[in-house]
Amino acid sequence: MTDVTVPEDLWDANKTPEGIVANWFYSDGAEVPEGATLAELMVEKSSFDIAAPAAGTLRIVVPKDGTVRPGSVIARLESG
Amino acid sequence: MSSNRQLTVSRAMAEAIALEMRTDPSVFVMGEDIGTYGGIFGATAGLLDEFGEERVRDTPISETGFIGAGVGAAMAGMRPIVELMFVDFFGVCMDSIYNLAAKNTYFSGGNCKVPMVIMTATGGGYSDAGQHSQTLHATFAHLPGMKVVAPSNAYDAKGLMAAAIRDDSPVVFMFHKGLQGLAWMASPEEAATAVPEEAYTLPFGEARVVRAGKDVTLVTLSMMVHRAMDAARALEKDGIDAEVIDLRSLVPLDRETILQSVAKTGRLVVVDEDYRSYGLTAEVIASVVEKDPGLLKAPPQRLAVPDVPIPYSRPMEQFVLPNAETIAAATRITLGKAG
Amino acid sequence: MPSKAQLLWMYEAMEKARYYEDTMATVYMEGKQPKFDIGAGTVPGEMHLAAGQEPCAAGVCVHLRPEDTVTAPHRPHHVAIAKGVDLNRMTAEIFGKKSGLSGGRGGHMHLFDPAVNFACSGIIAEGTGPAVGAALAAKLKGSDAISVSYIGEGAANQGATHEALNLAGLWKLPVVFVIEDNAWGISVPKSKATAIADTSQRAAGYGMPGHHVADNDTLALFEVAGEAVARARRGEGPSLIEVETYRYYGHFQGDPELYRPKGEVEALKAKDPIERLRKAMLEGGEITAEEADAARDRARQEVDEAYAFARAADYPAPEEALTHVFA
């Protein structure tokens, strides 16, 4: 099991505490390859893509339009 | 490769362009803010990094110049994709589009071809007022010599873009801003779809029956496919079974699919986000009536912008745009079930 | 040199425009957090703010009269304010309200106030032809009214600009073309969009004087614009002025500005033109800090009142969309 985590330094949380998940590019339960673009985050006016850190079965933790902070776990990838 | 990936329309367009650029060195892209920015509506995101400034060219604000240059480059053996940022901006460059791109094949007796794609953002609904919210479908479809497509979802967008790039005629690719799946603009869930990773094309002039039904035919395209589907779901609760047809392209127009559906249902509602008069709604109805006026059991209904510029203020803008409720209401009228 | 009254007028117009834009930046985000949806909130749609560009508006409009025509582009608020557009009704228009300048039909890119002959529109370089036409009308009517056409440095590459410049030069019309060079056409820097560095040189090709104003200098622009306006009023023909100015915000609110070099905006703000004008005014000795503060406070109060007016106003009835298509 691998967490899909919002990098701590993705944006300045002092300035903008929260962002949202703008898009999921795979459905919950999908098999995803390592490196696949999983999600797009929107933080104030900027968007950031989040890549799969490993291959596995996607378990979405934060749904579309859900709020995230640096360090948030937005999904888990189950292996095998 | 797996096709369980759900892409937004903007990413599907960019992927289609990238795949063609990898295999065909004659394909290049130019337009305003299509490089570093990746296109204001995301249609060229990532292309500059992969292909560099020679093939992904930011232009000055000079549409007559660079669209005219697209025509010249196409006639000289390239396959340019030019972006007209908003379709509303065609006013400053239409000569290059309809007098050059659209006519040079004919004027040359078929001896010259103009294999270019003009991609352009359409549509309103987010209070951008009358110079940034039009669709202008009919303006382009009316003028001979251009193929005109307007997809409603990511799968279609990718396949139609690839087909547009490979086509030897000019293709106007009209993408609705509200379908792009941009993080900063609301988009219907169904616009993002599973999209295969490999290249594929979809033929022009083949409508898609999005929802089969027996009581009434709803014909539309682009954003209004989603509004019509919302209407169809609401009508279903009243026991009305609507067939929804996504035309996907205006030129060529798949009249056959429309006729087959109307032959079955006998009732027709046409929905377009363009102006009402002299437009797609009239063309679809005329196509049915000139074939066989007996096909219709009731007068057809059409929903479109009521021949006024798109207003800025939200209540007025929402009033002039067709929506699920107005589509459902028009459908009930054709069925004689108006409350 | 500007008179004391002119200095205070420019300062007040610039403070008003700045406070207007900074307020708008905050109001615009109402209803757009945490999810930024451009169509949501108190003020929906595209929003182009002009903070940093105030000298271009004040330094030229200080020479104008209500009967003079001004056309502005998609980033119009500072110019509208300096031209004396009704601030309450302008703000109500931007809020999409019935009491707005156009009853909510136009929004922020389409502000029309015939009382002061101001109009703006959303497509690049579109105002150049109408400015020429208003100048032609003045000439035909025997009036000494003039026109000012505001465009951005990006619009200087649009065909309409060149055709309008030639017409104005050919017919010696009373037009002042003002290019606000804020260095960016959305994400494209001027160096990647314009074949020459100083666009005012193009004036020579159209038979008119060209002026370049460096580094957003209000007082330098005041002098140059005064000359150009006087020349137009005397019937001696058009002029072209390019002003190097600053864009503090993105192209539109929602622009991630990833193309912009880090620190650029901070460096520009360190030489803020309003602060520079205030300092010069006070050093000139004719104006006291109290007088300047009073002008600034007056400006801010007027802006606060305009926003309050707009908030309290009613939305139009949906069916009003169908009216005013024809005269």
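How many residues does the contact take from chain C, and how many from chain B? It takes 49 residues from chain C and 38 residues from chain B, where contact means heavy atoms within 4.5 Å. Before going further, a word on what you're looking at: this is a predicted model, in which local features need pLDDT of at least 70 and side-chain atom pairs count only at pLDDT 80 or more, while totals for chains, interfaces and linings use all residues. Residues are numbered from 1 along each chain as its sequence is written, chains are lettered from A and ligands numbered from 1 in the order in which they are written, and side-chain values use heavy atoms, with hydrogens and water left out.

Let's stay with chains C and B for a moment. Together they bury about 3,300 Å²; buried area here is the accessible area (1.4 Å probe) that two parts lose on being put together, summed over both. Carbon and sulfur atoms account for 62% of that. On the chain C side, the residues losing the most area to chain B are Ile123(C), Gln158(C) and Ala321(C), which together make up 14% of what that side buries.

What about charges? Side chains of opposite charge can pair when their charged atoms come close. The count between chain C and chain B is 1 salt bridge, meaning a side-chain nitrogen of Lys or Arg within 4 Å of a carboxyl oxygen of Asp or Glu. Glu53(B) and Lys192(C) meet in a salt bridge through their side chains, at 3D distance 2.7 Å, N to O. The rule also finds 17 residue pairs in polar contact across this interface, both residues at pLDDT 80 or more. A polar contact is a pair of N or O atoms within 3.5 Å; within protein, one must be able to donate a hydrogen and the other to accept it, and residues adjacent in sequence count only if both atoms are side-chain atoms. The chain C side divides into 23 nonpolar, 16 polar and 10 charged residues. In that split, Ala, Val, Leu, Ile, Met, Phe, Trp, Tyr, Cys and Pro count as nonpolar, Asp, Glu, Lys and Arg as charged, and the others, Gly among them, as polar.

Chain C also carries an annotation. UniProt, in an unreviewed entry, places "domain: Dehydrogenase E1 component" at residues 43-318 of chain C; UniProt positions are given in the numbering used here, feature names are shortened, and annotations may be inferred rather than shown by experiment. That span is 39% helix and 13% strand, and its end C-alpha atoms lie 17 Å apart. Helices (H or I, at least four residues) and strands (E, at least two) are DSSP runs, numbered from the N terminus.

Now over to chain A. Its contact with chain B takes 14 residues from chain A and 11 residues from chain B, and the two chains bury about 960 Å² between them, 49% of it on carbon and sulfur atoms. Phe25(A), Tyr26(A) and Met42(A) lose the most area to chain B in chain A, together 46% of what that side buries. The rule finds 2 salt bridges across this interface, and the side chains of Asp49(A) and Arg11(B) meet in a salt bridge at 2.7 Å, N to O. There are also 5 residue pairs in polar contact, both at pLDDT 80 or more. Strands β2 (19-24), β4 (37-43) and β5 (46-51) of chain A each give two or more residues to the side that touches chain B. For "domain: Lipoyl-binding", UniProt lists residues 18-77 of chain A in an unreviewed entry, and this stretch is 0% helix and 55% strand.

Finally, look inside chain B. The domain assignment gives domain 1 (6-194) and domain 2 (208-334), with bounds that come from an automatic or database domain assignment. Their centres, taken over C-alpha atoms, are 26 Å apart. In chain B, 31 residues of domain 1 are in contact with 26 residues of domain 2, and the area buried between these domains is about 2,200 Å². Ser127(B), His137(B) and Ser152(B) lose the most area on the domain 1 side, together 22% of what that side buries. Across this interface the rule finds 1 salt bridge; the side chains of Asp156(B) and Arg248(B) meet in a salt bridge at 3.2 Å, N to O.
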